[in-house]
Amino acid sequence: AIAQTADGYLWLASNSGLYRFDGLRFERYELSSPGQRRSRDISALSTTPDGSLWIGYRFGGISRLKEGALSHLDTGLPPVTVYQVAIDAQGGTWAATVGGLFRLEGTRWEAVGAAWRYPSTFAGLMLIDARGQLWVNNGTSWSVLAGGARQFDAEPRFPATQDLALAPDGTLWRWSGAGAISAVAGPGAGAAAPPWRPDFNFGSLLFERSGGLWLNTYGRGLRRIAAPQQADPRLRRPIESFTRANGLTSDHVMSAFEDREGNLWFGTSGGLDRFRDSPVVLTPFEHGPATGVLAPAGGGEVWTGGINQPAARLDAAGRVTAIPGLGNIISCAYRDPQGVVWLGGISQLWRQAGAGFEAVPLPAQVQPNSAIQTITMDGDGALWVYLRRAGLLRLQGGRWHDAGSVLDGPFAKELLVLATDPQGRVWVGHAGNRISLIERGVATRRFQDDSGLDLGRVNALHFRGEHVWAGGELGLQVLRGERFHSLRLADGPPLRGVSGIVETADGSLWLNEAGGFVHIPGAEVAAALRDTSHGLQAERFDALDGVLGSAPQIRPVPSAIEAGDGRLWFTTDAGVHWLDPQRRYPDPPPPTVDIASISTAAATYPAADGLRLPEGSSQVRIRYTAPSLSLPERVQFRYRLDGVESEWQAAGSRREATYTSLQPGHYRFRVRAASPRGVWSETESSVAFEVPPAFHQTGFFRLLCALLAAGLLAWGWRLRLRRVSRGLRAQAEARVAERERIARELHDTLLQSTVGLIMHVQAAAEDLPEGHAARQSMEAALQRADKVLIEGRNRVMDLRGHDPSLELSAAIVASVTELAQASRSMVHTALHGPVKPLRPEVWEEALRIGREALCNAIQHADAARIDVSVAYGDDAFRLGVRDDGRGMDAAILSAQRKPGHWGLVGMRERADAIGAPLEIASAPGRGTEVRLSLPAAQAYAPDGAASPGHWDLLRRLWRVS
């Protein structure tokens, strides 16, 4: 059985389960939950106006599928085959089974028997006619129940009738057991055709919406009669037969169905077959498809022939009338302005004469096996013929002339197409990207690269009014003024291999090219003629529309013509086709998109709003479809994932969207579809889902990582500070050791030698009498030498260092006691905060800086008061020396030193050595202030340092580095 639900899906019943089909993909639909034992052998499918799908089983039971919810309605039914479920005009639900007829009352099936005046314990097929009457096959005849009635008619109808069918006009047709098919009731029964007796007597009937009648047989395939209602058999179309020989999957036809788009579906023992209305019709030939020449024959008929295909006349009904005696190879066909048809073959030419053709002798110089490529007649009545091996000939006044000299040299041998314009001029298309124009036997113009021609091989020339169209290997061009201009399509593959061009009366262009048949509407043609850069919107007919093969590229030309009835004929390398450009095929509404599933790396889930995927599902695949049963391959999609994309993404015909790096969050997937003709749906389908974060994607995990990183950074800072501190300590110890070595050397050499020298001079002075002038000079020199010795010893003491156990301010003042006593300066000290032990290198350098500042204030500033302050703060250590002396000039401060003196430079170098900023503020007459500061973590020894903060550590690391 076959049925279609409101969402567009086609449902198929089989003995292995229920399947649904979207036009491209079959999908099994499970009818039982895991652990349930329910038969998968389905015998009946029906749909009802409320969107329900009713499912009948071979071994009893009925299920109902509505909006994705499945319910089983078995109560009251015997375990026998269900043939059909039907809903009458009043909404009553009926079930026909091997065990009788049943009606659904609530959730229970009630047997329909004597009370309903139903005469049988068997019920087969059911039908509801145009009047709302219910017809039931009771096994021997048909019982009828009027709409709303509670009892069947007393007298059953149509004994020994195997099937009833309802025609589109409401007429009821019967297939009797004797094999006669006839109209028996309804508006068309009285004037219907007499009974029709096919050559078989077992099967069923199906009327298509256009009125054609199909007979589905079990063993003889399909039969179709296009107009069964015609009373005159002469008006009926021939009976068409479809069997395995025609491609049917099997001759045993089990079910038939027509969908909402007009497609016909037949289920056979070998598969599923679809018949759909196609705009392109392949013309039948007795010897099969072949490349065919084309020429109008008047009315709706055409002349044709081909390779191994004798010349024939095709009428509008598709009948082929062969023309005997013309050989089996026809390479060219042409209809001249007088309506006479010319046919060319291999070294042969024929002219239409009455109902047949007569041979036209060719010149003696024509070699054997010279195929006639193209024919045309100019305005003077001369016939131009080009043969592949003999060249260009002209027949005029019954005599042949060699016309090759009309064209230039090699171009006379490279002709592909001849055509005559409305002015009677002959146009020649060449293989080497050239078009020549011949007027009254003389070539007057040539179009090549310098004229804009860009076709490569020129295959087609066509004229209508003032329009000159040219087609070739590289596309389509139009002549505007003195130049050819290329035309292009806005979408799809570019035009290639154009060998047939037809401009119809409405201004439309029809092309036969490598990709199929192309239709360019008149409005688009007009726009391109105004602006040749305009991208043409076009409709392409290809294999999906019934086109076999592709356009010929050498011969026959032209490969497209217009017949007298307006139909267009095309030839390809696989056969001759026609289509009616006036026939309009209604475009079905855009299909509704069904979002089927959402998949992750772990599993696949049915798409439903609010779906919560597994944690950390960064790779997500969303499968969607849009049921379309005519041309599903041309359905286009576009989608957007809110939260990821702000614009719609063109998906083409792809039915799946994949995202590979989704972050945790809430998302909504939206998708729309377009019909095969490109009409987009106004509504969209969407599904919302959530990707919850994995543990490593949570804020708590990020906080832990941040804390860990901060801890590692702090630990790294401390390691760095320790290493820098050890380096500074080693440097300080090295300097101290070097000073001590220098002090020893000075003491053991210079000072000892100086003492010895003084002693010798003292002895010499004592040998001189007192008052002697030399003795007085020597004693004065000895006094100066004593001072030098004392100062040298002081310098050695400085090199030896001072006792770091002293508080720094006291050590600074003690280092200049003698100098302060010899001056007028008063030194005051101030101590702030509890004393903390300083790092040795800090104590040493701070002592030197403080002593230098104090000495400068005593020796150079002539200060009366000097204040020395030391602050042991928890955040920083600070040293300050301030005097009220004469101060320094701005030039000295900016130069960082006084000419010939290096005290200021030395202080800054010592401050830099411990990573401490040194500030010197001074102005003439306002004294000088020296300030040194150092963070606690850098200044104090570890056992006395305050716990440094992170910013202190950072500052220390920055300054030391």
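This report covers the overall build of one predicted model, then two helices and two residues.

**Overall build**

The chain has 961 residues. Its secondary structure comprises 10 helices and 68 strands. The radius of gyration is 55 Å, whereas a compact globule of 961 residues would have one near 30 Å. The C-alpha trace spans about 175 × 100 × 45 Å along its principal axes.

Burial comes next. Of the 961 residues, 47% count as buried. The exposed surface of the chain is about 46,200 Å². Carbon and sulfur atoms supply 52% of that surface.

Contacts were counted between residues at least 6 apart in sequence. Of these, 50% join residues at least 24 apart.

Charges are balanced in number: the chain carries 101 positive and 101 negative side chains. The centres of the two sets lie 2 Å apart.

**Two helices**

Helix 1 covers residues 522-530. Its buried residues are Glu524, Val525, Ala527, Ala528 and Leu529. They pack against six strands, listed here with their residue ranges.

| Strand | Residues |
|---|---|
| Strand 44 | 467-472 |
| Strand 45 | 475-480 |
| Strand 46 | 483-489 |
| Strand 48 | 509-513 |
| Strand 49 | 516-520 |
| Strand 50 | 535-536 |

Helix 6 runs over residues 840-859 and has 20 residues. From its first C-alpha to its last, helix 6 reaches 28 Å. That is close to the 28 Å expected at 1.5 Å a residue. Helix 6 is also mostly covered, with 16 of its 20 residues buried.

**Two residues**

Ser176 sits in strand 17, which covers residues 172-176. Is Ser176 buried or exposed? Its relative accessible area is 8%, and the cut-off for buried is under 20%, so Ser176 counts as buried. Leaving aside residues up to four places away in sequence, Ser176 touches Ala160, Thr161 and Gln162.

Thr600 lies in a loop. That loop links strand 55 (594-599) and strand 56 (604-606). Thr600 is buried because its relative accessibility is 13%, under the 20% limit. Which residues does Thr600 touch, not counting those up to four places away in sequence? They are Tyr605, Leu613, Pro614, Ser617 and Gln619.

In short, Ser176 is a buried strand residue, and Thr600 is a buried loop residue.

Conventions:
Residues numbered from 1 in each chain as written. Predicted model: local features only at pLDDT ≥ 70, side-chain atom pairs only at ≥ 80, totals over all residues. Heavy atoms only, no water. Helix = DSSP H or I, 4+ residues; strand = E, 2+ residues; numbered from the N terminus. Rg over C-alpha atoms; globule rule 2.2 N^0.38 Å. Buried < 20%, exposed > 50% of the residue type's maximum accessible area, 1.4 Å probe, protein only. Contact = heavy atoms within 4.5 Å. Areas by Shrake-Rupley, 256 points an atom, 1.4 Å probe, with all protein chains shown as cover. Lys, Arg positive; Asp, Glu negative; His and termini not counted. Charge placed at Lys NZ, Arg CZ, Asp CG, Glu CD. Expected span 1.5 Å × (residues − 1).
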